[in-house]
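Welcome to the tour. Please have your viewer ready with the selection tool at hand, and we will go from stop to stop.

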Amino acid sequence: MVDKDQQLSALAVGELDLFVDSMTASEIENIGNEAWIDWHIRLQKLNQQAVLEASSLMEEATKETLISHGKLPVLVHEAICIQVWRLKIYPQMLKLEPAPSNTFGIYMVLYHEAAAVGLLETVLFHEDGVQCISDVVIDLLQYSVEQLTSLIVLINNDYLKPVTTKEMDTETVIEELERQKRDLQFDISMRCISIVRYLAEHMEAANLGASLAINLYKTNDVPSTLCHLLQLEPWKKVDAGGDMQIFNYGRWSKPNSQDLTQMHRSEAQLWLCLRQLLLEPRLKHFYTIDECRRTSFCRLQTKLTEEKIDQIPPLGELKTFLCQMAMGDYASLHNRGNGVKNPGCTVIEVVPQIKNAYLRQVHKRKKTLATMQLKHCFVDGSEESRYMAKKLLDSYTSDAALAMDSGGAKCAKCGDKANKKCSRCKSEWYCGRECQVQQWPKHKEICDQFAKLHVTA
């Protein structure tokens, strides 16, 4: 993803402890104000730093600091907070301001959710990360499963359908914002595939194995959701020109030779998560494989090829399970005790609470909150708002942000590696003059907005 570079950092000396120590969960009514924007920038930098450390094989100081300070639950609160804002407040804002002159502030709020989820995805790879969120792990699981459901809805609503240049050029400001919102939703949902896998693998680490199992198997039927996503293959699509596109690290791009031979990371996460759930000893206590489910699982056999098993050998055990299931004999795989006893009727299920708490915050206040936040989410031309917008833009286009992006900047037109930045707005990259000229009709409006923000700090 990025070359090992000890010098590249999203944080200045001393900022890590300062930023982590100051983390507190947001209140919906404060979203968009000056203090919240400062917190958003800190969160984004922490996310960038964590990705740089993980991808460059550096010491993962960000993860360790978040865990030692007990701050991972704050990230769960943030993701769910913006989810509720997106569902309840955002539509009201568009009703009050159906033709906004700029949408930078709204995009910032929507991106906040992606930053929180991205940081969670990075740190929950480790078991001690799951241990740190034991108090909110059921809330995170419910949130993540809802995002997987949203991913299926996006695909069924033709999200992967090619969009022509003409269609994009004729978008209104609101249509463009809605497209950006769907793009962020897609990115968040793809990251939640990894999060669900980590939670499934570390059920016992959270000391809530039975409650997690109930939510994974009974409440949400996650195995069937994973099966459906494996059939849909959301990590790839065909663009308007008929070329294959692969989704990596938040953007679509042309696959290289390695992409074509290696299993996609999201597909690998789906297979590993499904393997974990179907071979988990708790399965026989919480999950019934009826004929409908059996048929769906058996269809996956043709997708689990020898080439994929060669890349991830543990999937061979899943292949055996699926073959036995096809022949009507899969119970034998679950005659292993592994210390997991039938919970019987003694299980006290832990239920998610964070989302309901945020929903109570906005109950009967949606219009009031939307009216109040309109002044925060649109740049009004004042010196203060332009200064805050410039700080945000700088954090989005920093060297650390580019390093997170699968090897650097990508051309906004064709998706190839880019080394030329728009000199006017400094927010979009191109591989050459030809792509920049072709993209200009689409880029002009956002370029005008961003160029106005590049005032001297």
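A residue is called buried here when its relative accessible area is under 20%, exposed when that area is over 50%, and partly exposed in between. Keep in mind as you click around that this is a predicted model.

**Stop 1: helix H10**

Select residues 209–219, which make up helix H10. Its buried residues are Gly209, Ala210, Ser211, Leu212, Ala213, Ile214, Asn215, Leu216 and Tyr217. Because nine of the 11 residues are buried, H10 is largely enclosed by the rest of the structure. What do the buried residues of H10 pack against? Show helix H7 (137–156), H9, helix H11 (222–232), H13 and helix H14 (283–286), and you have the partners on screen.

**Stop 2: just past the end of H10**

Move on to aspartate 221, just after H10, where phi is positive at about 50 degrees. The side chain of this aspartate makes a polar contact of 2.8 Å with the side chain of serine 224. Serine 224 belongs to helix H11, and at 24% relative accessibility it counts as partly exposed. Now bring up Tyr287, Arg293 and Phe297, which serine 224 contacts once its neighbours within four places in sequence are left aside. For a distance check, pick the C-alpha atoms of serine 224 and serine 296: they are 7.7 Å apart in space, although 72 residues separate them in sequence.

**Stop 3: helix H9 and the loop before it**

Next, colour residues 173–201, helix H9. Is H9 largely enclosed or largely open to the outside? Of its 29 residues, 24 are buried, so H9 is largely enclosed by the rest of the structure. You can also test its length: at 1.5 Å a residue the helix should span 42 Å, and its end C-alpha atoms are 43 Å apart, which agrees.

Step back to glutamate 171, in the loop between helix H8 (165–169) and H9. This glutamate is buried, with a relative accessible area of 18%. Show its side chain together with that of arginine 179, and you will find a polar contact of 2.8 Å joining the two.

**Stop 4: methionine 263**

Select methionine 263 in the loop between helix H12 (257–261) and helix H13 (265–278). Its relative accessible area is 13%, so methionine 263 counts as buried. Which residues does methionine 263 touch, not counting those up to four places away in sequence? Display Ala268, Trp271, Lys308, Gln311, Ile312 and Leu315 to see them. From methionine 263 to glutamine 311, the C-alpha atoms are 7.6 Å apart in space, with the two positions 48 residues apart in sequence.

**Stop 5: the largest nonpolar core**

Now turn to the largest nonpolar core, which has 123 residues. Ile28, Trp85 and Leu124 are the ones that touch the most other members. Helix H4 (residues 72–96) gives the most to this core, with 14 residues. A second core, of nine residues, lies apart from it, and among its members are Cys411, Cys414, Trp429 and Tyr430.

Centre the view on isoleucine 28 and show what it touches beyond four places in sequence: Cys81, Val84, Trp85, Ile89, Tyr358, Gln361, Val362, Leu369 and Gln373.

**Stop 6: aromatic rings**

How many aromatic pairs does the structure hold? There are eight. One of them is formed by tryptophan 85 and tyrosine 90, a tilted pair at 6.2 Å centre to centre, with 45 degrees between the planes. Tryptophan 85 and tyrosine 90 are both buried. For a cluster, select Tyr159, Phe186, Phe247 and Trp252 together.

**Stop 7: cysteine 431**

Searching the whole structure for disulfides gives zero. Zoom in on cysteine 431: the nearest cysteine sulfur, that of cysteine 435, is 3.7 Å away, and cysteine 431 is in no disulfide. At 31% relative accessibility, cysteine 431 counts as partly exposed.

**Last stop: zoom out**

Show the whole protein chain as a cartoon, with its 22 helices and five strands. Colour by burial, and the buried residues make up 54% of the 457 residues. Finally, turn on contacts: of those with a separation of 6 or more, 78% join residues 24 or more positions apart.

Methods: Residues numbered from 1 in each chain as written. Predicted model: local features only at pLDDT ≥ 70, side-chain atom pairs only at ≥ 80, totals over all residues. Heavy atoms only, no water. Core = buried A, V, L, I, M, F, W, Y, C linked by side-chain atoms within 4.5 Å. Buried < 20%, exposed > 50% of the residue type's maximum accessible area, 1.4 Å probe, protein only. Helix = DSSP H or I, 4+ residues; strand = E, 2+ residues; numbered from the N terminus. Contact = heavy atoms within 4.5 Å. Expected span 1.5 Å × (residues − 1). Disulfide = S-S within 2.5 Å. Polar contact = N/O pair within 3.5 Å; in protein donor to acceptor, adjacent residues only side chain to side chain. Phe/Tyr/Trp six-rings, centres within 6.5 Å; stacked < 30°, edge-to-face > 60°.
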